[in-house]
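Reader: Could you take me through the place where the two chains touch? I'm in my first year, so please explain the terms as you go.

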Amino acid sequence: MKRFWLIAVVLTLLVGSPALAHYQLLYTPLTALERGGEMLLKLVFTHPFEGGHTMDMAPVQEFYVVHQRGEEGEPRKTDLKEHLKQITWTSQGHAGKAYEARLPARIVRSMGDYVFVLVPGPYYEPADEEYIQQFTKLMLNVGGVPGNWHQPLGLPAEIVPLDKPYANWTGGIFRGVVMADGKPVPNAELEIEYLNYTPDMEKNAFAGKPKIEAPHPAFETIGIRANNRGEFAIGLPKAGWWGIAALGVGESEFDGKPVAREAVLWVQVTDLP
Amino acid sequence: MKTRGYLFVCVLLTGIAAFAAPAAAHTPLFSCFDNGDGTIFCEGGFSDGSSAAGTPILVKDGSGAVLLKTELTRNSEVELEKPAGAYTVVFDGGDGHQIEISGSQIFE
């Protein structure tokens, strides 16, 4: 009998572990834009592959965009917190507190790169008896003139791309560097998940059916390690969105408990026409 | 002499290739929008992120006559008076690097 319970606990831990892969989603449908204009973004703390439990987001600490047109252009930072509005996001059989941001056309109008940065308030994870704070980046481009997509912002936890996150063909690879305060994090632990449900921007929900079925939990959350320079590379086998999370990048304290600092970057993948 | 001649041609071709490569590797990009106050804002650049500062910009009327000739600033942008009637804005980056935007395609 003891053996049965031991096996049951081990199996629960093994099968259940992917459910712990939290991702701060920062989403807009298209990141390679011909022209700028009004934009709608959704900010949801979720599990992108299983689309299940949506965690209640704490109030946002920072939300801004850094725009740069051209390699020699001057980066311009615009605070976006005034555009945030709390919403309820519905996932598969569950709902949680999230945010949306409707940006007027003047913010994303000029050509160049737009690096969106979201620093949510720490989220308490009872299972780990600690808070999680994911420093999240989303990048988009207007008109094809590149700018600051590869520039570190010096965040406490950050994934700096070595390929443009908005220009990737299906079947390509994506590379990046895990950094803390602008310095590479050797051998950083990373998790990769596919955004398996299309976000419904009108209904504030994950739509219908999953796009893919994983043959094994290890395919739901793919774990990799960076090399000793903090660099990593992943394959991009399917069009859509891939979330990359770097875990244990640093630590701080909130409300008398530890805060695990993590970094998230979203990569959009496009099928060949 | 024959060997030296080949060497000269090779060096020349390598030099041409080296200098020609950047020009072939990037694409000019140009965009304008209407500020809604009687002016239009235009900006240029290249697909490799290099600057378009100093690129000549022409504003033509409906018949193709040049109304204004100016150039992109240090920040690769320029603000122009919006002409009355039909007009076109031309980014004149030289051979193969010209882009024309019709006024009807310039929105707020």
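Author: Sure, let's start with area: chain A and chain B bury about 1200 Å² between them, and carbon and sulfur atoms give 46% of that. Buried area here is the accessible area (1.4 Å probe) that two parts lose on being put together, summed over both. On the chain A side, A:Arg69, A:Arg109 and A:Met111 lose the most area to chain B, together making up 45% of what that side buries.

Before going on, a word on the ground rules: this is a predicted model, where local features need pLDDT of at least 70, side-chain atom pairs count only at pLDDT 80 or more, and totals for chains, interfaces and linings use all residues. Residues are numbered from 1 along each chain as its sequence is written, chains are lettered from A in the order in which they are written, and side-chain values use heavy atoms, with hydrogens and water left out.

Now, who takes part? Chain A brings 13 residues to the contact and chain B brings 21, with contact meaning heavy atoms within 4.5 Å.

A:Arg69 turns up again in a salt bridge: its side chain meets that of B:Glu77 at 2.8 Å, N to O. The rule (a side-chain nitrogen of Lys or Arg within 4 Å of a carboxyl oxygen of Asp or Glu) finds two salt bridges across this interface. Sorted by class, the side of chain A that touches chain B has six charged, four polar and three nonpolar residues. For these classes, Asp, Glu, Lys and Arg count as charged, Ala, Val, Leu, Ile, Met, Phe, Trp, Tyr, Cys and Pro as nonpolar, and the others, Gly among them, as polar.
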